[in-house]
Amino acid sequence: GINAEYGGRTHCQMSSSEEITQEHFVTPTSNLQRYWPLYLVLYIVCEFLLRLVLEKHLFPSFGRSLGRLREKKIPKFSECLYYFCYYTTAFILGVRLCKDKEWIWNTKKLWQGYPFPPEDESMQYYLFQSGHYISALLFYLFKFHSRGAYKDFYLMMLHHFFTLALIGLSFWAGFERVGMFVFLLHDCSDIFLEGSKIAHYTKQSAVIQNTGFVIFATAFFVTRLIIFPFQVIRSGLWEANEAKVDTHFIYGYELYFVFIGLILGLQVMHIYWMFLILKIIYSVVTGDRLKDVRSDDA
């Protein structure tokens, strides 16, 4: 039989007796599909350099021009502004790509008809997001950002590794639909997180800061503690099995459990961060100032 790979993934169809009867492969139809590793490297380098220029040069100058920031807050303001711009861009791109997809509203469609033929647009989106997370990891590991800036630095690193593992696994296995859904959920709430932190660092009024944070907390709760577990995780546990997704690629059963383990691990982090959010809400309700409890010197 034929054994071919596309993007590192190998699919095979199996009979009801779970023996391989026909192998399925996808022939690359564009330069992007043929040379995606080169495109990924290009995304990583471009995003790393762009962040270096913006966060270390342009955004600090902009922050100082506002006249509201203490000098030691300039790096954090610049980082937040960079992430705000990134997540806003990523979310707009994701909405544009997914707004007409059936699987956004019917999670059974995340798996029905698997394996799916590759699409250049979804691959570009994946490479764009991968470039961001890899460059962000490099930014931290090579100490372009202070290791002691956040109390949960190592949890953030673990989150990056989990995210990259999920991106790589979903790309290799052809789970792009689930991956794009997860990107949308995360980017949506992260926009409001960075916006509320910018309002805090620039000393906006208490009404603006608190309103921004309430919007973020609500978005985080809805997207990561309701939609993510009850739509994405539920669909992965039950609907993927109903569609017999694990029978369509080599080592599928083992790979499926790795995938489920990663999204469950991500959910544990969501619960921890929700705990931090509730701590902030409690401090505000009891009369304390709004602050970033992740920061060592908020």
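Where is threonine 202 found? Threonine 202 is found in the loop between helix H6 (176-201) and helix H7 (206-242). This is a predicted model.

## Overall architecture

The chain holds 8 helices and 2 strands. The order from the N terminus is β-β-α-α-α-α-α-α-α-α. Both strands therefore precede the helices in the written order, given that helices and strands are numbered from the N terminus.

The chain has 298 residues, and 51% of them count as buried. About 14,800 Å² of the chain is exposed. Carbon and sulfur atoms supply 65% of that area. Take the contacts in the chain with a separation of 6 or more: residues 24 or more positions apart account for 77% of them.

## Threonine 202

Is threonine 202 buried or exposed? Its relative accessibility is 4%, so threonine 202 counts as buried. The cut-off for buried is under 20%.

The side chain of threonine 202 reaches the backbone oxygen of alanine 199, at 3.4 Å. A polar contact requires a pair of N or O atoms within 3.5 Å. Setting aside residues up to four places away in sequence, threonine 202 touches Leu66, Arg68, Leu69 and Phe77.

## Asparagine 31

Asparagine 31 is found in helix H1, which covers residues 31-34. With 45% relative accessibility, asparagine 31 counts as partly exposed. The partly exposed class lies between the 20% and 50% limits, so 45% falls inside it.

Which residues does asparagine 31 touch, not counting those up to four places away in sequence? They are Trp36 and Tyr39. Aspartate 120 is 89 residues apart from asparagine 31 along the chain. The C-alpha atoms of asparagine 31 and aspartate 120 are separated by 9.5 Å.

## Cavities

Rolling a probe the size of a water molecule over the atoms shows where empty space is left. How many cavities of 30 Å³ or more does a search of the whole structure find? The search finds 3.

The second largest cavity holds about 150 Å³ of space. Its lining comprises 15 residues. Nearest the centre of this cavity lie Leu166, Ile167, Gly179, Val182 and Phe183. The elements that give two or more residues to the lining are helix H4 (120-141), helix H5 (153-173), H6 and helix H8 (252-285). By class, the lining residues of the second largest cavity divide into 10 nonpolar, 5 polar and no charged. Gly counts as polar in this division.

Note on methods: Residues numbered from 1 in each chain as written. Predicted model: local features only at pLDDT ≥ 70, side-chain atom pairs only at ≥ 80, totals over all residues. Heavy atoms only, no water. Helix = DSSP H or I, 4+ residues; strand = E, 2+ residues; numbered from the N terminus. Buried < 20%, exposed > 50% of the residue type's maximum accessible area, 1.4 Å probe, protein only. Polar contact = N/O pair within 3.5 Å; in protein donor to acceptor, adjacent residues only side chain to side chain. Contact = heavy atoms within 4.5 Å. 1 Å grid on protein atoms, 1.4 Å probe; cavity = no way out; pocket = protein on both sides within 12 Å on 5 of 7 lines; lining within 4 Å. Points joined across faces, edges and corners; volume = space filled by probe spheres on them. Areas by Shrake-Rupley, 256 points an atom, 1.4 Å probe, with all protein chains shown as cover.
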